[in-house]
Number of protein chains: 2
Amino acid sequence: MRLLEERILRDGKVRDGNVLKVDSFLNHQMDIKLFGEMADEFYRLFKNDNITKILTIEASGIGIACITAQVFSCPVIFAKKSKTKNIAGNVYTAKVDSFTHGGTYDIIVAEEFLTKEDRVLIIDDFLANGSALTGLASLVKDAGATLVGAGIAIEKAFQPGGEELRAQGLRVESLAKIKSMSPEGIVFC
Amino acid sequence: MRLLEERILRDGKVRDGNVLKVDSFLNHQMDIKLFGEMADEFYRLFKNDNITKILTIEASGIGIACITAQVFSCPVIFAKKSKTKNIAGNVYTAKVDSFTHGGTYDIIVAEEFLTKEDRVLIIDDFLANGSALTGLASLVKDAGATLVGAGIAIEKAFQPGGEELRAQGLRVESLAKIKSMSPEGIVFC
C-alpha cells in the first residue's frame with residue numbers, strides 16, 4: 001500500500017535492534033485518517049470472507065482494528081495481556097514472546113466472545129517473528145472459530161514470522177512489507 | 001445518553017468490589033456501532049472547542065478515542081503505561097493508581113506529540129476515583145497545551161473523581177453517570 005510505505009519513508013525512524021519507530025502516526029500518536037485508508041484496503045482484501053469478528057491484541061493493535069471494524073460492520077475483541085479482576089469466568093489463553101519489552105506474557109480472551117460460528121480476521125500493527133499472531137491464531141483455533149486471515153500494517157519481512165505462518169496455510173496480508181532497513185534507509189519488498 | 005444507559009442495563013454486570021463488567025461491548029469485546037453513537041455525542045458536546053488532539057490511555061480507552069477522533073478529524077495520542085524501548089527521547093510522565101490491577105504505574109507521552117498549540121480532549125472508558133484522568137490532565141498541563149475537557153463513557157458518580165475534577169474547573173462530560181449499583185440493579189443520575 002503505497003500511502004503507508006510513503007508515510008514510513010517520511011516519518012519512520014530505524015533504531016538499533018531492528019526497531020522501526022513509527023510512533024508519530026501508528027502506535028503512540030495515531031493518524032486516524034491514515035487508519036481509514038488502511039481499513040479500506042483491508043476491506044478490499046477480505047470483503048468476500050464474511051468476517052464476523054476482528055481480533056487484535058492490546059495496545060497498539062486496537063486503533064487500527066476499531067477503524068477497520070467500522071468498515072466491516074463487526075465487533076472487535078482485543079486479547080488482554082494479563083488476567084485482571086474484570087475478567088471472570090473461562091478464557092482462552094496463549095503465550096506470546098514480547099519483542100518490544102522482552103520476556104513472555106499470557107494473552108487471554110473470554111470464551112464467550114469467540115464461538116464456533118465466528119469467522120475471524122486478526123488485525124495487528126506489526127508482524128516480525130510472528131509470536132503475537134501465532135498466539136492470537138491459537139485462541140481462534142481453541143474456540144473452534146474459522147480464522148479467515150490476518151491483516152497487518154507493517155511486516156518486517158526480513159524476520160521469519162510472515163513466511164512461517166504463510167507456510168502453515170494462514171492468509172497473511174501486510175500493507176507494507178519491509179525487505180531490509182537500516183538508519184541509512186528502508187527498502188520494501 | 002440513553003442508548004448507553006440501556007446497554008449497561010441490558011449487558012452490564014455488577015461484581016463485588018464496585019466492579020461493573022461491561023466487557024461484552026465496551027472494554028474487551030467492543031461494539032463499534034455503539035462507539036460511533038458515543039462519538040457523535042462527544043462531538044455534539046465539544047464541536048465548538050477546536051479540538052486538535054484526543055488523548056487517552058492504553059488499553060481500553062483507545063477504541064473509543066479512535067472512533068471519536070474520526071468525527072473530530074484529529075489524531076489520537078494514547079499514554080503508555082510503561083517505558084518501552086520504542087519510546088526514545090523526552091517524555092511527559094505522571095503516576096496513576098490502578099483500580100483494576102491495584103498498585104501504581106507511570107504513564108508517559110512523548111513530548112513531541114503534545115505542544116502549546118494543542119487543544120486537547122481527553123477520552124476514557126471509565127471515571128471512578130479520577131486517578132487516570134488526573135494523570136492525563138497533568139501531562140497536558142506539563143506540555144503547556146490547553147485542556148478543553150474530558151469525555152467519559154461511564155462515570156461511577158458514587159466515587160469522588162468526577163466531582164473533585166469538576167470542582168477544580170475541568171469540564172467533564174460523562175455519557176452515563178451511575179448513581180448507585182449493586183447486583184440487584186443499577187441506578188443512573
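**Close-up views of a predicted model**

**View 1. Confidence in the predicted model.** Chain A has an average pLDDT (the predictor's confidence in each residue, from 0 to 100) of 94, and 95% of the residues score at least 70. The scores of the model are ipTM 0.95 and pTM 0.96. In this predicted model, local features need pLDDT of at least 70 and side-chain atom pairs count only at pLDDT 80 or more, while totals for chains, interfaces and linings use all residues. Residues are numbered from 1 along each chain as its sequence is written, chains are lettered from A, and side-chain values use heavy atoms, with hydrogens and water left out.

**View 2. The two sides of helix H1 (residues 2–11) of chain B, a DSSP run of H or I with at least four residues.** Here B:Leu4, B:Arg7, B:Ile8 and B:Asp11 are buried (under 20% relative accessible area with a 1.4 Å probe, protein chains only). These residues lie on the same side of H1(B), because they cover an arc of only 100° around the axis, taken from the directions from the helix axis to the C-beta atoms. Look to the other side for B:Arg2, B:Leu9 and B:Arg10, which are exposed, meaning over 50%.

**View 3. What the buried residues of H1(B) pack against.** Their partners in chain B include helix H2 (32–46), strand E1 (13–15) and strand E9 (146–156). Contact means heavy atoms within 4.5 Å, and a strand is a DSSP run of E with at least two residues.
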